[in-house]
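Before turning to the details, it helps to take the chain as a whole and then to follow its strands one pairing at a time. Please keep the sequence and the model side by side while reading.

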Amino acid sequence: MRRRDVFYVTYTLVLTGVWIVLHDKPSWPVFAAGVAVSVLSLLFTIRVLQPDPPLAVHSLHPIILVRYLAALVIQIYQSGFQAIWKIVRREESVRIERYDVTLEDELPLVMLANAVTLTPGTVTLATENRTLLILCFAPADPSLPSGIKPGIEKMERILMGGRGRRGRV
(Lines give C-alpha, C1' and ligand atoms only; values in the text may rest on other atoms or scores of the structure.)
Protein backbone atom coordinates (compact mmCIF):
# COMPACT_ATOMS: atom_id res chain seq x y z
CA MET A 1 0.00 0.00 0.00
CA ARG A 2 1.38 3.41 -0.95
CA ARG A 3 2.04 6.06 1.65
CA ARG A 4 -0.70 8.30 0.25
CA ASP A 5 -3.24 5.47 0.41
CA VAL A 6 -2.32 4.84 4.05
CA PHE A 7 -2.96 8.53 4.73
CA TYR A 8 -6.36 8.41 3.02
CA VAL A 9 -7.44 5.29 4.92
CA THR A 10 -6.24 6.77 8.23
CA TYR A 11 -8.01 10.07 7.49
CA THR A 12 -11.23 8.25 6.66
CA LEU A 13 -11.07 6.08 9.79
CA VAL A 14 -10.36 9.03 12.08
CA LEU A 15 -13.22 11.09 10.65
CA THR A 16 -15.52 8.08 10.80
CA GLY A 17 -14.55 7.61 14.46
CA VAL A 18 -15.39 11.25 15.19
CA TRP A 19 -18.71 10.80 13.35
CA ILE A 20 -19.57 7.74 15.48
CA VAL A 21 -18.63 9.55 18.71
CA LEU A 22 -20.84 12.51 17.79
CA HIS A 23 -23.78 10.14 17.30
CA ASP A 24 -24.57 8.64 20.67
CA LYS A 25 -25.58 5.20 19.44
CA PRO A 26 -23.02 3.40 17.28
CA SER A 27 -24.67 1.26 14.65
CA TRP A 28 -24.02 0.04 11.12
CA PRO A 29 -26.03 2.84 9.49
CA VAL A 30 -24.12 5.44 11.54
CA PHE A 31 -20.82 3.76 10.54
CA ALA A 32 -21.84 3.73 6.85
CA ALA A 33 -22.86 7.39 7.00
CA GLY A 34 -19.57 8.23 8.74
CA VAL A 35 -17.55 6.51 6.02
CA ALA A 36 -19.58 8.28 3.32
CA VAL A 37 -19.14 11.72 4.92
CA SER A 38 -15.43 11.04 5.49
CA VAL A 39 -14.86 9.99 1.88
CA LEU A 40 -16.81 12.99 0.58
CA SER A 41 -14.84 15.40 2.78
CA LEU A 42 -11.59 13.77 1.69
CA LEU A 43 -12.53 14.09 -1.99
CA PHE A 44 -13.58 17.72 -1.48
CA THR A 45 -10.28 18.46 0.26
CA ILE A 46 -8.21 16.80 -2.45
CA ARG A 47 -10.04 18.23 -5.44
CA VAL A 48 -11.09 21.70 -4.27
CA LEU A 49 -9.13 22.89 -1.25
CA GLN A 50 -5.73 21.41 -2.00
CA PRO A 51 -5.48 19.98 -5.52
CA ASP A 52 -1.67 20.03 -5.49
CA PRO A 53 0.43 18.15 -2.97
CA PRO A 54 1.74 20.35 -0.15
CA LEU A 55 5.15 21.90 -0.68
CA ALA A 56 6.18 21.27 2.91
CA VAL A 57 4.87 19.24 5.79
CA HIS A 58 5.19 20.78 9.23
CA SER A 59 5.27 18.82 12.44
CA LEU A 60 5.54 19.56 16.11
CA HIS A 61 6.68 17.26 18.90
CA PRO A 62 3.68 16.10 20.98
CA ILE A 63 5.27 17.25 24.25
CA ILE A 64 5.69 20.76 22.86
CA LEU A 65 2.06 20.70 21.71
CA VAL A 66 0.82 19.64 25.17
CA ARG A 67 2.93 22.33 26.88
CA TYR A 68 1.68 24.91 24.36
CA LEU A 69 -1.98 24.01 24.94
CA ALA A 70 -1.59 24.05 28.73
CA ALA A 71 0.16 27.44 28.66
CA LEU A 72 -2.44 28.77 26.21
CA VAL A 73 -5.38 27.80 28.44
CA ILE A 74 -3.70 29.43 31.46
CA GLN A 75 -2.86 32.54 29.42
CA ILE A 76 -6.44 32.82 28.15
CA TYR A 77 -7.87 32.76 31.68
CA GLN A 78 -5.28 35.17 33.11
CA SER A 79 -5.71 37.62 30.25
CA GLY A 80 -9.48 37.30 30.43
CA PHE A 81 -9.53 38.43 34.04
CA GLN A 82 -7.06 41.23 33.29
CA ALA A 83 -9.16 42.40 30.32
CA ILE A 84 -12.33 42.41 32.43
CA TRP A 85 -10.53 44.40 35.14
CA LYS A 86 -9.29 46.97 32.60
CA ILE A 87 -12.73 47.34 31.07
CA VAL A 88 -14.42 47.73 34.47
CA ARG A 89 -11.86 50.37 35.46
CA ARG A 90 -12.28 52.07 32.05
CA GLU A 91 -8.66 51.59 31.02
CA GLU A 92 -9.57 50.64 27.47
CA SER A 93 -6.84 52.44 25.54
CA VAL A 94 -5.32 50.29 22.82
CA ARG A 95 -2.33 50.44 20.53
CA ILE A 96 -0.56 48.42 17.89
CA GLU A 97 2.68 46.76 18.99
CA ARG A 98 5.31 45.10 16.84
CA TYR A 99 6.83 41.86 18.12
CA ASP A 100 9.86 40.41 16.34
CA VAL A 101 9.58 36.63 16.36
CA THR A 102 12.62 34.37 16.48
CA LEU A 103 10.77 31.24 15.35
CA GLU A 104 12.09 29.97 12.04
CA ASP A 105 9.47 27.40 11.07
CA GLU A 106 6.10 28.51 9.72
CA LEU A 107 3.92 26.24 11.90
CA PRO A 108 5.13 27.59 15.28
CA LEU A 109 4.88 31.14 13.91
CA VAL A 110 1.23 30.61 12.94
CA MET A 111 0.55 28.93 16.30
CA LEU A 112 2.07 31.92 18.12
CA ALA A 113 -0.04 34.36 16.09
CA ASN A 114 -3.15 32.29 16.85
CA ALA A 115 -2.27 32.17 20.56
CA VAL A 116 -2.05 35.97 20.60
CA THR A 117 -5.44 36.25 18.90
CA LEU A 118 -7.06 33.71 21.24
CA THR A 119 -5.84 35.64 24.27
CA PRO A 120 -8.42 38.22 25.44
CA GLY A 121 -7.31 41.80 24.91
CA THR A 122 -4.97 41.02 22.00
CA VAL A 123 -5.42 40.45 18.27
CA THR A 124 -2.78 39.59 15.70
CA LEU A 125 -3.49 42.00 12.86
CA ALA A 126 -0.80 40.80 10.46
CA THR A 127 2.51 39.05 10.12
CA GLU A 128 5.23 40.82 8.17
CA ASN A 129 8.13 38.46 7.61
CA ARG A 130 8.97 37.53 11.21
CA THR A 131 7.14 40.45 12.86
CA LEU A 132 3.69 40.23 14.42
CA LEU A 133 1.52 43.35 14.44
CA ILE A 134 -0.58 43.07 17.59
CA LEU A 135 -3.52 45.23 18.67
CA CYS A 136 -3.57 45.17 22.48
CA PHE A 137 -4.67 46.98 25.61
CA ALA A 138 -2.08 49.50 26.67
CA PRO A 139 -1.56 52.15 29.34
CA ALA A 140 -2.66 55.67 28.41
CA ASP A 141 0.98 56.79 28.59
CA PRO A 142 2.61 55.63 25.30
CA SER A 143 6.05 55.46 26.95
CA LEU A 144 4.91 52.62 29.24
CA PRO A 145 5.04 49.03 27.95
CA SER A 146 1.78 47.24 27.18
CA GLY A 147 2.66 44.14 29.20
CA ILE A 148 2.12 41.60 26.42
CA LYS A 149 5.78 40.76 25.91
CA PRO A 150 6.25 38.21 28.78
CA GLY A 151 3.28 36.09 27.69
CA ILE A 152 4.35 36.06 24.06
CA GLU A 153 7.95 35.24 24.99
CA LYS A 154 6.75 32.34 27.13
CA MET A 155 4.69 30.91 24.26
CA GLU A 156 7.57 31.44 21.86
CA ARG A 157 10.00 29.59 24.16
CA ILE A 158 7.56 26.69 24.42
CA LEU A 159 7.18 26.53 20.63
CA MET A 160 10.97 26.60 20.25
CA GLY A 161 11.24 23.67 22.61
CA GLY A 162 12.52 25.78 25.50
CA ARG A 163 15.62 27.08 23.77
CA GLY A 164 16.55 30.00 21.56
CA ARG A 165 16.76 33.75 21.87
CA ARG A 166 13.93 36.08 22.77
CA GLY A 167 11.98 38.35 20.44
CA ARG A 168 11.71 42.10 20.81
CA VAL A 169 8.71 44.42 21.12
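The radius of gyration used here is taken over C-alpha atoms, and the globule rule set against it is 2.2 Å times the number of residues to the power 0.38. For a compact globule of 169 residues that rule gives a value near 15 Å, whereas the chain in this model has 21 Å. The model is a predicted one, and its C-alpha atoms fill a box of roughly 65 × 35 × 30 Å when the box is taken along the principal axes.

Other totals for the chain can be read beside these dimensions. Of the 169 residues, 28% are buried, where buried means under 20% relative accessible area. The accessible surface comes to about 11700 Å², and carbon and sulfur atoms contribute 65% of that surface. Among the contacts in the chain with a separation of 6 or more, 66% are made between residues 24 or more positions apart.

The secondary structure consists of five helices and three strands, and from the N terminus on the elements follow one another as α-α-α-β-α-β-β-α.

How are the three strands ordered in the sheet? They form an open sheet in the order β1-β3-β2, with antiparallel pairing. The edge strands, each pairing on one side only, are β1, which covers residues 94-100, and β2, which covers residues 122-128. From one strand to the next the twist averages 25°. As a general point, strands of a sheet pair through backbone hydrogen bonds, in either a parallel or an antiparallel sense.

Each of the two pairings can then be traced in turn. Strand β3, residues 131-137, is joined to β1 over seven bridges in the antiparallel sense, and within the sheet Y99 stands opposite L132 of β3. The pairing of β3 with β2 is likewise antiparallel and runs over six bridges, with T122 standing opposite C136 of β3. The strands β2 and β3 form a hairpin that has two residues between them, and in this hairpin N129 takes a positive phi near 55°.

It remains to place a helix against these strands. Helix α4, which spans residues 106-118, lies across β2 and β3, and its direction makes an angle of about 150° with that of β2. Strand β2, then, is an edge strand of the sheet, pairs with β3 through six bridges, and is one of the two strands across which α4 lies.

Methods: Residues are numbered from 1 along each chain as its sequence is written. This is a predicted model: local features need pLDDT of at least 70, side-chain atom pairs count only at pLDDT 80 or more; totals for chains, interfaces and linings use all residues. Side-chain values use heavy atoms; hydrogens and water are left out. Two strands pair if DSSP finds at least two bridges between them. Helices (H or I, at least four residues) and strands (E, at least two) are DSSP runs, numbered from the N terminus. Axes are lines fitted to C-alpha atoms, for helices over the stretch in contact, and angles run from 0 to 180 degrees between N-to-C directions. Contact means heavy atoms within 4.5 Å. Buried means under 20% relative accessible area, exposed over 50%, partly exposed in between (1.4 Å probe, protein chains only). Accessible areas come from the Shrake-Rupley method with a 1.4 Å probe; for residues, only the protein chains shown count as cover.
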